[in-house]
Amino acid sequence: MAQEYMQNNPEIIDLREVLRKIWSKKKLITIVTIIVAILSCAWILPQPRYYSTEVTLAPEMENIAGGGGLADIAASFGFDLGEGGSSDAIYPTLYPDLMKSSEFIIDLFDVPVTTSDGTVQTDYYTYLTQHQQQSPMQHVRNFITNLRKKIIPDEQQPVFKSTQEGKRFNPFSLSRKESMVVEGVQDLIECDVDIKTSVITITVTDQDKLVCATMADSVRVRLQNYIINYRTQKARHNYDYYKALSEKAKAEYDIAVKEYSDYSDSHQNALLQAYISERDKLESEMELKYQAYSTLIAQVQAAEVKVREQTPVFTVLQCATIPQKPFKPKRMIFILGMMFLAIVCTSLYIAKEDIFSQLLDNKQS
C-alpha cells in the first residue's frame with residue numbers, strides 16, 4: 001500500500017530508503033566522526049581556559065525634585081530620562097564607556113597580582129605580556145608577525161616624553177605593544193548597567209582564577225574611587241580653598257597676637273594717650289584677625305560637611321569570589337557539537353544523490 005502510494009506520488013521522498021542507505025554507510029560515518037573528534041580535541045585542548053568573576057554593586061542615586069515620579073515610570077518601561085535635574089554629567093549608563101577608556105585601563109596595569117599556584121607575583125601589565133598561555137593560532141600569528149618584521153622592519157615611531165610624572169605609561173602616547181594590551185584588557189573587562197535599577201555588574205575574565213578575582217575587586221574599587229572623586233571634585237576644591245585661607249588667616253592672627261603682646265609688655269606703665277591709642281589699635285586689629293579666622297574655620301567645617309554629603313555610597317551586592325570552574329571554552333560541548341555536525345554532514349553527503357535527484361526530477365516534471 002505504501003509502495004503503491006509512493007509510485008502514485010513521485011514528488012514525495014522515501015525517507016525509509018534514505019535512512020537505509022545512510023545506515024549501510026555507518027562504517028564511513030563512524031570513521032569520519034572519529035577523525036573529526038580527534039581533530040576537535042587537537043584544536044580545543046591546547047586552547048587556554050578562562051575564568052570569569054562577577055561583581056555587582058548599587059550606587060547611591062540623587063533625588064531629583066519634581067521629576068522623580070516621571071523618571072521612575074520611565075525606568076519601569078526600560079527608558080532613562082537622564083536625570084535632567086541633576087548636575088552630574090556621568091550617569092551609570094556611561095560607566096561602561098568609562099571603563100573602556102585607555103586612562104582607566106592603564107590605571108590597572110600597576111595592580112599587583114598573584115597566580116593561584118603562587119609561582120607568579122608581579123603587576124598586571126607584566127602578567128598580561130609575559131605570563132599568558134597562547135593558543136596555537138596565536139603562536140602562528142606571532143611567527144608570521146616576527147617573520148614580516150624581519151623582512152619589512154616597522155618604521156620607528158617618535159617617542160613622546162610622558163607628561164605624567166611618576167607613572168609608567170602615558171595615555172597620550174602609547175606604544176604599539178601597550179595599545180594591543182589595552183585592547184586586550186577591553187575584551188577581558190565588561191560592565192553592564194541595569195537601566196531600571198541602576199545596578200552595576202562588572203565581569204572580569206582571565207586565565208588564572210585568583211588573578212580574575214583580584215582584578216574584579218580592583219576594577220570595582222577604582223570605579224568607585226573615580227566616581228567619588230568626580231562627584232566630590234567641586235566640594236573638595238572649595239574645601240582646599242577655604243583651608244588655605246584659614247591657614248593664612250591663622251598666621252596673620254598669630255602675628256597680630258604677638259605684636260599686641262609685645263607692645264603691651266613693653267608699655268605696661270605708659271600713661272601717654274599715644275601709647276594707649278596704639279595699644280587699642282593693635283587690640284582691635286587682633287580682634288578683627290580673630291573674627292576673620294573664626295569665620296573661615298566655620299566655612300572650612302561647612303565645606304568638609306559638603307564633601308561628606310556629596311560622597312556617594314556604594315552597596316556591594318555581590319563581592320568578588322574566586323571561580324572554581326572555567327568559563328570558556330566548553331571543551332566537551334565543542335567536541336560533541338563537532339561530532340554531531342560531522343554525522344549530519346556525512347549523512348547528507350551520502351543521501352545527496354537520492355534527495356537532490358528526486359527534487360530535480362520533480363522540478364523537471
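Trainee: Which residue in β5 is the bridge partner of Thr56?

Mentor: The bridge partner of Thr56 in β5 is Thr201. Strands here are DSSP runs of E of at least two residues, and helices are runs of H or I of at least four, both numbered from the N terminus. The model is a predicted one, in which local features need pLDDT of at least 70 and side-chain atom pairs count only at pLDDT 80 or more, while totals for chains, interfaces and linings use all residues. Residues are numbered from 1 along each chain as its sequence is written, and side-chain values use heavy atoms, without hydrogens or water.

Trainee: What is the bridge partner of Thr56 in β6?

Mentor: In β6, Thr56 is partnered by Gln318. Pro59 stands opposite Phe314 of β6. Two strands pair if DSSP finds at least two bridges between them. Strand β1 (residues 51-59) is joined to β6 by four antiparallel bridges, and β1 pairs with β5 (residues 200-206) over seven bridges, again antiparallel.

Trainee: In what order do the strands form the sheet?

Mentor: The sheet is open, and its four strands follow the order β4-β5-β1-β6 with antiparallel pairing. Because β4 (189-193) and β6 (314-318) each have a single partner strand, one side of each is left without a neighbour in the sheet. From one strand to the next, the twist averages 25°, the angle being taken from 0 to 180 degrees between the N-to-C directions of axes fitted to C-alpha atoms.

Trainee: How is a pair of aromatic rings described?

Mentor: One gives the distance of the centres and the angle of the planes. Rings of Phe, Tyr and Trp (its six-membered ring) pair with centres within 6.5 Å; planes under 30 degrees apart are stacked, over 60 edge-to-face, and the rest tilted. This rule yields seven aromatic pairs. One of them, Phe109 with Phe169, is edge-to-face at 5.1 Å centre to centre, with 75° between the planes.

Trainee: Where along the chain do Phe109 and Phe169 lie?

Mentor: Phe109 lies in the loop between α6 (102-106) and β2 (112-114), and Phe169 in the loop between α8 (136-151) and α9 (176-188), 60 residues apart. Phe109 and Phe169 are buried, meaning under 20% relative accessible area with a 1.4 Å probe on protein chains only (exposed is over 50%, partly exposed in between). The ring centres of Tyr125 and Phe169 are 4.8 Å apart and their planes meet at 55°, so this pair is tilted. Tyr125 belongs to helix α7 (residues 124-130), 44 residues from Phe169. Phe109, Tyr125 and Phe169 form one aromatic cluster.

Trainee: How does one read a helix such as α10?

Mentor: An α-helix has 3.6 residues a turn, so residues three or four places apart point the same way. Helix α10 (residues 209-231) has 23 residues and spans 33 Å from first to last C-alpha, close to the 33 Å expected, a figure equal to 1.5 Å times one less than the number of residues. Its buried residues include Val219, Leu223 and Ile227. At its start, a side-chain oxygen of Asp208 comes within 3.0 Å of the backbone nitrogen of Leu210.

Trainee: Is Glu247 in helix α11 buried or partly exposed?

Mentor: Glu247, in helix α11 (residues 233-266), is partly exposed because its relative accessibility is 48%. Its C-alpha is 9.1 Å from that of Ile297, 50 residues apart along the chain.

Key
Polar contact = N/O pair within 3.5 Å; in protein donor to acceptor, adjacent residues only side chain to side chain.
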